[in-house]
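Please open the model in the viewer with side chains displayed. The tour below proceeds from one selection to the next and concerns charged pairs.

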Amino acid sequence: MCPNVRKITSPWGNEDTQTLIDIFDRYDVKVTFFVVGEWAEKYPESVKALAEAGHEVMSHSNDHAHFNTLSADEIIADINACNDKIEAITGVRPTLFRPPFGEYDDHVITTVRAMGIEPIQWDVDSLDWKDYDAATITQRVTEKVGPGSIVLFHNAALHTPEALPGILEYLLQEGYDIVPISQLILQGECGTDYTIDHTGRQCPLT
């Protein structure tokens, strides 16, 4: 059972970043942070801290544009701009991409994968971005999570630091491994090594 808890950023600040790092350290958990290039440029010390703490730092676009409206060349330029900034700070070039607003279509997916980058979505939304209280966030996640889940949280959401310890304790007590997304997704080619079901989950072909 290998669900993944991932953090993503927005144009928000970095005031909770170290607190989140400390919480994950307390439970010996590593996750994936999807960061916007402009955020990385503004808070390089936070990006460096995430990487040095052992978390994955991946791309969430350069300026949080609506990718469904961009041409292939614009998509490539945007992602490369973000990846350049992350690589300059961490020394590692992102291989995963989370589309802004969760928006994507075949054009976006095809373009991103042609870059050798895997687009990532989620199946459990904590809705922490709506500033729900910690109890509501916890209930949403623990009721909806399952094997292979990717859970959406946000850096700097109001009640995430309060909710996160209880969620981590629940998942660990239930026998889940919480891993970075690169350890969760199946490698290879869709249709040859795996298929994707109607929920978006990968299913290995044996």
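Begin with Lys85, whose relative accessibility of 22% makes it partly exposed. The model is a predicted one, and a search of the whole structure yields six salt bridges. One of them joins the side chains of Lys85 and Glu41, with an N to O distance of 3.2 Å. Colouring by secondary structure shows that this pair links distant parts of the chain: Lys85 belongs to helix 4 (residues 72-90) and Glu41 to helix 2 (residues 37-42), 44 residues apart.

Next, select Glu41 and display its surface. Glu41 has a relative accessibility of 54% and therefore counts as exposed, the cut-off for that class being over 50%.

Now move to Arg93. Which residues are linked with Arg93 in a network of salt bridges? They are Asp84 and Glu87. To inspect the contacts individually, select Asp84 together with Arg93: their side chains meet in a salt bridge at 2.8 Å, N to O. Then replace Asp84 by Glu87 in the selection; here the closest N and O atoms of the salt bridge with Arg93 are 2.7 Å apart.

Finally, keep the three residues of this network selected and switch on the solvent-accessible surface. Arg93 is partly exposed at 30% relative accessibility. Glu87, with a relative accessible area of 32%, is partly exposed, and Asp84 is partly exposed at 42%. Each of these values lies between the limits of 20% for buried and 50% for exposed, which is why the class is partly exposed.

Methods: Residues numbered from 1 in each chain as written. Predicted model: local features only at pLDDT ≥ 70, side-chain atom pairs only at ≥ 80, totals over all residues. Heavy atoms only, no water. Salt bridge = Lys/Arg side-chain N within 4 Å of Asp/Glu carboxyl O. Helix = DSSP H or I, 4+ residues; strand = E, 2+ residues; numbered from the N terminus. Buried < 20%, exposed > 50% of the residue type's maximum accessible area, 1.4 Å probe, protein only.
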